[in-house]
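Please read the report below with the sequence and the model side by side. It goes from one loop to a helix, then to the core, the strands and some backbone angles.

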Amino acid sequence: MVVIKLNMDKSFIKVKLKKVKVSFKNTLELSKMITHKKILKALTLIYLIKNKKIAVNIRKHNSGIGRTMKTFSKLSVTAQGRFPVKSCDIILKLLKKIIALLKKCRKSLKYYYIDSIIINKTSMTSRKIHRAFGRINHIKSVYCSLEIIVKKMFLN
């Protein structure tokens, strides 16, 4: 479910997406990568990640992550990275909604930037897989809620 909120003077736009079945850790690292960037720059970064030209640098949840030479940050010491395609698709969907809203209001895209992306774990679901010889495996999956806040740059 997508919820869109506009400020009265249209200096910022909020877009929320609730109960999305996507990896929390990958989405968190992707959101750290594209915050405080202009919308068009964020779109090009997302398309590069989807085409596996650059990788998202994993900093916080980095246990068991392989190394790649395609990490975005040149300051990365560990070179641990991933290509979170599903997270890219969901954030791209929200950014396209924002772009459509800005075009509808006849605003220019080059003056807007992504101020913050808020990601929260919402609910956990568990299911069972029945295996051979009477074994049962439990699988837990976590839903996420996303909120993107886009603000207008004020030039002094």
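N51 is placed in the loop between α2 (39-50) and β3 (56-57). Helices (H or I, at least four residues) and strands (E, at least two) are DSSP runs, numbered from the N terminus. N51 counts as exposed because its relative accessibility is 53%. Buried means under 20% relative accessible area, exposed over 50%, and partly exposed in between, with a 1.4 Å probe and protein chains only. The C-alpha atoms of N51 and F83 are 8.9 Å apart, although 32 residues separate the two along the chain.

The model is predicted: local features need pLDDT of at least 70, side-chain atom pairs count only at pLDDT 80 or more, and totals for chains, interfaces and linings use all residues. Residues are numbered from 1 along each chain as its sequence is written, and side-chain values use heavy atoms, with hydrogens and water left out.

**Helix α1**

Helix α1 (residues 24-34) is largely enclosed by the rest of the structure, because nine of its eleven residues are buried. The buried residues of α1 are F24, N26, T27, L28, E29, L30, S31, M33 and I34. Their cover includes α2, β3, β4 (81-82), α3, β5 and β6 (136-152). At the start of the helix, a side-chain oxygen of S23 comes to within 3.4 Å of the backbone nitrogen of N26.

Which residues does T27 contact, leaving aside its neighbours within four places in sequence? They are V22, S87, I91, I119 and L146, where contact means heavy atoms within 4.5 Å. T27 belongs to helix α1 and counts as buried, because its relative accessibility is 1%. The C-alpha atoms of T27 and S87 are separated by 5.4 Å, with the two residues 60 apart along the chain. The side chains of T27 and S87 also make a polar contact of 2.9 Å. A polar contact is a pair of N or O atoms within 3.5 Å; within protein, one must be able to donate a hydrogen and the other to accept it, and residues adjacent in sequence count only if both atoms are side-chain atoms.

**The nonpolar core**

A nonpolar core is a set of buried Ala, Val, Leu, Ile, Met, Phe, Trp, Tyr and Cys residues joined through side-chain atoms within 4.5 Å. The largest one has 37 residues, of which I34, I39, L95, I98, I114 and I148 touch the most other members. At least two residues of this core come from each of β2, α1, α2, α3, β5 and β6. With ten residues, α3 gives the most to this core. I148 has contacts with I13, K14, V15, I91, L94, I98, I114, S116 and I117, leaving aside its neighbours within four places in sequence.

**Strand pairs**

Two strands pair if DSSP finds at least two bridges between them. Strands β2 and β6 pair in the antiparallel sense over seven bridges. Strands β5 and β6 are also antiparallel, and their pairing has 16 bridges. In β6, V150 stands opposite I13, and V150 also stands opposite I114. The bridge partner of I129 is N137 in β6. β5 and β6 form a hairpin with five residues between them.

**Positive phi angles**

Most residues other than glycine have a negative phi, and most peptide bonds are trans. The table lists some residues of this model with a positive phi.

| Residue | Place | Phi |
|---|---|---|
| K19 | strand β2 (residues 12-20) | about 55° |
| H36 | just after α1 | about 60° |
| R106 | loop between α3 (85-104) and β5 (112-130) | near 60° |
| F133 | turn of the β5 and β6 hairpin | about 60° |

Is K19 buried or exposed? K19 is exposed because its relative accessible area is 53%. R106 is exposed as well, because its relative accessible area is 78%.

K19 also lies over the face of Y143, at 5.1 Å from the ring centre. A charge sits over a ring if NZ of Lys or CZ of Arg is within 6 Å of the ring centre and within 35 degrees of the ring normal.
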